Amino acid sequence: MHPQPEALGELAELLGGLGLAVETARSTVEALNKLRGSPAHVIVANHISASPHAFDGVAFLAASTVHSPEALRIALVASPDEAVELDYRPVHEGAIIRLVAKPSERSRLVGLVSEGTKLLNLVEDQRDLVRRLSLDQQKLQRRETLLDVVVKERTKDLEESYLKLKAANRQALFGLAEAIEAKDPYTKGHCGRVAAYSIILAKEAGYPVEGLETLEFGAFLHDIGKIGIKDAVLLKPGPLDDAEWIHMREHPVKGYDIASKIEMLHPIMPAVRNHHERWDGSGYPDKMLAEDIPLVARIVAIADAYDAMATDRPYKQALPLEECEAILRKTAGKMYDPELIAVFCDRHLGALYRDDYEAQPYDDGLAG
Ligand SMILES: [Fe+2]
């Protein structure tokens with residue numbers, strides 16, 4: 001503020017009464033120094049000073065735009081005529097200038113100062129808000145990026161852990177299957193072949209892809225209950241007597257009991273328990289009928305029966321593919337699911353392990 005010296009104190013008091021912080025200066029240098037330290041919202045300058053050091057209001061207001069570019073600039077003039085206004089025109093570039101007559105327009109001056117202050121406060125608040133929002137936005141973006149990186153890393157870790165666990169599970173399961181086969185050397189490779197026939201039959205019969213892995217394990221471990229069968233019965237070279245058959249036929253339930261105690265094996269319980277059920281209800285242990293027999297058990301039953309016929313055993317020679325297929329077709333609808341038998345025989349899926357037949361091109365990526 002730079003009005004006439006005698007009016008300076010009076011004006012400062014008047015504007016201070018509005019609750020504003022008022023700074024006064026008696027020369028252009030003093031005024032510019034004050035502005036340099038603390039930019040103003042409203043700058044009031046005397047158009048022509050009566051002090052010995054002539055005060056040039058036009059030059060001062062123009063210079064003040066450097067330190068307070070957004071301030072409302074007011075020039076106090078004797079009378080706001082056109083000639084005075086022309087003097088201030090260059091300062092108008094990019095700055096707000098109001099000409100106020102002194103002292104007649106004092107109330108207008110008070111109003112302008114008050115409005116100018118409010119306006120600049122609003123502008124500053126708005127800028128502050130935008131800055132804070134922008135900072136928040138940046139923080140949020142940084143956090144999102146960080147979160148994204150963390151989530152990706154965790155997901156990768158989890159996937160790796162899952163794959164390791166899955167591999168370990170597979171090894172454990174196959175180890176279990178080997179333990180069954182180790183008891184009976186004549187069934188060497190039987191579990192793996194039953195799994196392979198089961199998978200190929202399931203795929204050809206339109207079995208859901210997401211169930212294939214469980215089916216593979218189920219087929220692999222269908223005879224897990226044989227762990228609980230006495231060696232004298234399991235390894236007996238000759239035919240079994242009635243009591244021995246009764247004991248041997250306990251293996252699906254024994255296997256089911258084992259699987260029920262191991263959570264990892266729960267999904268394969270139907271294959272273990274029901275792979276000796278028969279389509280006509282004459283099987284064991286539950287005497288299930290036709291489609292009541294779990295599909296996985298119906299598939300494993302055919303794979304199991306075929307492999308028994310198709311491999312050499314101590315008491316019999318392996319049968320040719322056509323003979324095996326002929327026997328299976330005869331039992332369709334009596335022992336086995338007729339639709340599955342048709343798929344298995346029509347497409348010669350039993351040729352998978354035979355050198356004398358061209359094997360079906362087959363690789364599901366599951367069999368280990
Ligand atoms: Fe069995």
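Let's start at Leu-201. Leu-201 touches Ile-299, Ile-302, Ala-303, Leu-340, Val-343, Phe-344 and Leu-349, leaving out residues up to four places away in sequence. Keep in mind that this is a predicted model.

Where does Leu-201 belong? It sits in the largest nonpolar core, which has 47 residues. Leu-201 is among the residues with the most contacts inside that core, together with Ile-299, Val-300, Ile-302, Ala-303 and Phe-344. Which elements build it? Those giving two or more residues are H5, H6, H7, H10, H11, H12, H13 and H14. On your screen, H6 covers 190–204, H12 covers 295–310, and H14 covers 338–346. Which helix gives the most to this core? That is H12, with 10 residues. A second core is separate from this one and has 20 residues. Ala-31, Leu-61, Ala-71 and Ala-75 are included in that second core. Here is the general background. In soluble globular proteins, nonpolar side chains tend to be buried together.

Now step back to the whole protein. It has 14 helices and three strands. It has 368 residues, and 30% of them count as buried. Now take the contacts with a separation of 6 or more. Residues 24 or more positions apart account for 62% of those.

Next, two helices. Take H7 first. Its buried residues include Leu-215, Glu-216 and Phe-217. Gly-218, Ala-219 and Phe-220 are buried in H7 too. What do the buried residues of H7 pack against? They pack against H5, H6, H11 and H12.

Then H3, residues 57–64. Its buried residues are Gly-57, Phe-60, Leu-61 and Ser-64. Why do they line one face of the helix? Look down the axis of H3: the buried residues fall within an arc of 95°, so they line one face. The general rule helps here. An α-helix has 3.6 residues a turn, so residues three or four places apart point the same way. Leu-61, by the way, also appears in the second core.

On to the strands. S1 covers residues 42–46. Is S1 largely enclosed or open? Five of its five residues are buried, so S1 is largely enclosed by the rest of the structure. Both faces are covered. Val-42, Val-44 and Asn-46 are buried on one side, and Ile-43 and Ala-45 on the other. In general, side chains in a regular strand alternate between the two faces of the sheet.

What does S1 join? Five bridges link it to S2, residues 72–77, and the two strands run parallel. Find the partners on your screen. Val-44 stands opposite Ile-74. Asn-46 stands opposite Leu-76.

S2 gets the count as well. Six of its six residues are buried, so S2 is largely enclosed by the rest of the structure. Leu-72, Ile-74 and Leu-76 point one way, while Arg-73, Ala-75 and Val-77 point the other way. Ala-75 is also in the second core.

Now strand S3, residues 96–101, where we find Ala-101. Buried or partly exposed? Ala-101 has 17 C-beta neighbours inside 10 Å, so it counts as partly exposed. The cut-off for buried is 20 or more. Which residues does Ala-101 contact, leaving aside neighbours within four places in sequence? They are Val-77, Ala-78, Ser-79 and Pro-80. Pro-80 is 21 residues from Ala-101 in sequence, and the C-alpha to C-alpha distance is 6.0 Å.

Last topic: backbone geometry. First, the general background. Most residues other than glycine have a negative phi, and most peptide bonds are trans. Now three places to look at. The peptide bond from Tyr-284 to Pro-285 is cis, with omega near 5°. Pro-285 lies in the loop between H11 and H12.

Lys-287 is placed in the loop between H11 and H12. Its phi is positive, about 50°, although it is not a glycine. Exposed or buried? Lys-287 has 12 C-beta neighbours inside 10 Å, so it counts as exposed.

The third place is His-348, in the segment after H14. His-348 is not a glycine, and its phi is positive, near 50°. With 16 C-beta neighbours inside 10 Å, His-348 counts as partly exposed.

Definitions and conventions
Residues numbered from 1 in each chain as written. Predicted model: local features only at pLDDT ≥ 70, side-chain atom pairs only at ≥ 80, totals over all residues. Core = buried A, V, L, I, M, F, W, Y, C linked by C-beta atoms within 7 Å. Helix = DSSP H or I, 4+ residues; strand = E, 2+ residues; numbered from the N terminus. Contact = placed C-beta atoms within 7 Å. Arc of directions from axis to C-beta. Pairing = 2+ DSSP bridges.
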